[in-house]
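Please open the structure in your viewer and keep a selection panel at hand. The tour below goes from one selection to the next and says what is found at each.

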Amino acid sequence: MLDAVDDGQITCDLGELVAIASVDGTPEERDAQQWCADRLVGLGLSVDCWEIDVEEARRQPDFPGMEVARADALGCVGVLGDGDQLPGLALYGHTDVVPPGDLDAWTGHDPFRMRVDDDGLAWGRGTCDMKAGVVAAIAAVAAVRRSGVSLGHPLAVHCVSAEEDGGFGAYATLRRGHRAAACMIAEPSRGAILPANAGSLTFRLEVAGRATHGSTRRRGVSAVDKFELVHAALKKLEAERNSTSPPLFDHLELPWPLSVGVVSAGNWASTVPDRLVAEGRYGVRIDETVEEAVRAFEAAVRDVCSGDPWLSDHPIRVSWPGGMFAPGSLPAGHPLLGAVTNAVFDVRGVPPRVLGAPYGSDLRHYAAARVPTVQFGPGDVRYAHAVDEHVALADVFTCARVYALMAARACGID
């Protein structure tokens, strides 16, 4: 079965999928999902490709949030085997990508036209995050079909969109009832197995000031000056929250970072600004809920306001737009971790590291649905979302063989 993995087809599939510019919130999100559905139908899987009711999902109390406008979405799950049985394994991948940014910054090529260099690196938006993982999962299923092996339990492939801005696609897939005895998420993991992900939230701070002419600035109150107070407090909060971490996260300098990414203030150079808006990312610890993390953040902001005369009367407004990435993890001692470790070792000949990740992923949706899940996929997250994003094709080929081996072991041979 491992010999039946077709490396040439993987390269071809990756090029086709990268060429679909499936940026979040664009019509091409649907096109990428349809490409997966067509590919799975062609392999003989039973495919559930459905229209997701976005507005109905948004009304649910546990809706994970979205950061882009999206009127519709397409779900796609393929099952090899008896659809009435619980699949022994689900292979997961998301097909949406973040915008490419400054096109002139990409080195000599269109980010949506994959380029393969002499070192076997495939360059293009989505190669690493995470279309390489998607095509590796599809290649594993194709290898099972091509080898003639009959699995004892069904094998599923979950293709989702809207992962980058909250995980709506995985949320909708699980709400539709798709489950498995175990799941492997093909997100880039740099050869390691990730059984735990921290969470992350997007915060917005609105700081009020009092405008006046810049030449008489002491008559006014600068919203920038008041933001500096809360920014210092948030740096202190970050240090306190990162003073301890579970062993899986010991390799990280900052397991739960807090960073301000956007600051906007004022509308005239010689006017004291009366409003500042700041947005950023706030890491959620693996050992806390989203609600606990929010309370800690808002308490820090309240403390700043209570200690400043102006902010006491004009408190900073905190809101939480966009996706809500809760932490998630594989239950301690679950045999899936050992099974994937063995499969990686048997394919690569090197024991993989087992680490925690500081970023959110759809692992938390599957964990919340009581589906044991780990993350293992081709690529290095340092190149995800980056200009000149790339992945080593050899890594993609290896992961496809790991997935095929796990399919045989998790689903059994009939």
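## Pockets and a cavity

Begin with strand S9, residues 199-208, which in this predicted model supplies three residues to the lining of the second largest pocket, the largest share of that lining. The pocket itself has a volume of about 510 Å³. Of the 18 residues that line the second largest pocket, select Glu164, Arg281, Tyr359, Gly360 and His385, which are the closest to its centre. Colouring the lining of this pocket by class should give five nonpolar, six polar and seven charged residues.

Stay with Glu164, which sits in the loop between strand S6 (155-160) and H5. Which side chain of opposite charge is nearest to Glu164? That side chain belongs to Arg125, at 8.1 Å, and Glu164 has no salt bridge although the residue is buried. Now show His385 together with Glu164, whose side chains are joined by a polar contact of 3.0 Å.

Return to strand S9 and pick Val207, which lies in that strand. Is Val207 buried or exposed? Val207 counts as buried because its relative accessibility is 1%, where the cut-off for buried is under 20%. Adding Val304 to the selection gives a pair that is 97 residues apart in sequence and, from C-alpha to C-alpha, 12 Å apart in space.

Next, move to the largest pocket, whose volume is about 590 Å³. Its lining consists of 26 residues, and those to select for its centre are Asp62, Ala326, Arg364, His365 and Ala368, which lie nearest to that point. If you then display secondary structure, helix H5 (168-175), helix H7 (290-306), strand S14 (328-329) and helix H10 (363-368) each contribute at least two residues to the lining of the largest pocket. H10 gives the largest share, with four residues. By class, the lining of the largest pocket holds 16 nonpolar, four polar and six charged residues.

Finish at the largest cavity, which has a volume of about 50 Å³. To outline the cavity, select Asp6, Gln9, Ile10, Asp13, Arg39, Ile138, Ala139, Ala142 and Arg146, the residues that line it. Helix H1 (7-18) and helix H4 (127-147) each supply at least two residues of this lining, and the largest share, four residues, comes from H4. Coloured by class, the lining of the largest cavity shows four nonpolar residues, one polar residue and four charged residues.

Methods:
Residues are numbered from 1 along each chain as its sequence is written. This is a predicted model: local features need pLDDT of at least 70, side-chain atom pairs count only at pLDDT 80 or more; totals for chains, interfaces and linings use all residues. Side-chain values use heavy atoms; hydrogens and water are left out. On a 1 Å grid over the protein atoms alone, a cavity is a set of points where a 1.4 Å probe fits but cannot get out, and a pocket is an open set with protein on both sides within 12 Å along at least five of seven lines; lining residues have an atom within 4 Å of a point. Grid points are joined across faces, edges and corners, and a volume is the space filled by probe spheres set on the points. Ala, Val, Leu, Ile, Met, Phe, Trp, Tyr, Cys and Pro count as nonpolar, Asp, Glu, Lys and Arg as charged, and the others, Gly among them, as polar. Buried means under 20% relative accessible area, exposed over 50%, partly exposed in between (1.4 Å probe, protein chains only). Lys and Arg count as positive and Asp and Glu as negative; His and the chain ends are not counted. A salt bridge is a side-chain nitrogen of Lys or Arg within 4 Å of a carboxyl oxygen of Asp or Glu. A polar contact is a pair of N or O atoms within 3.5 Å; within protein, one must be able to donate a hydrogen and the other to accept it, and residues adjacent in sequence count only if both atoms are side-chain atoms.
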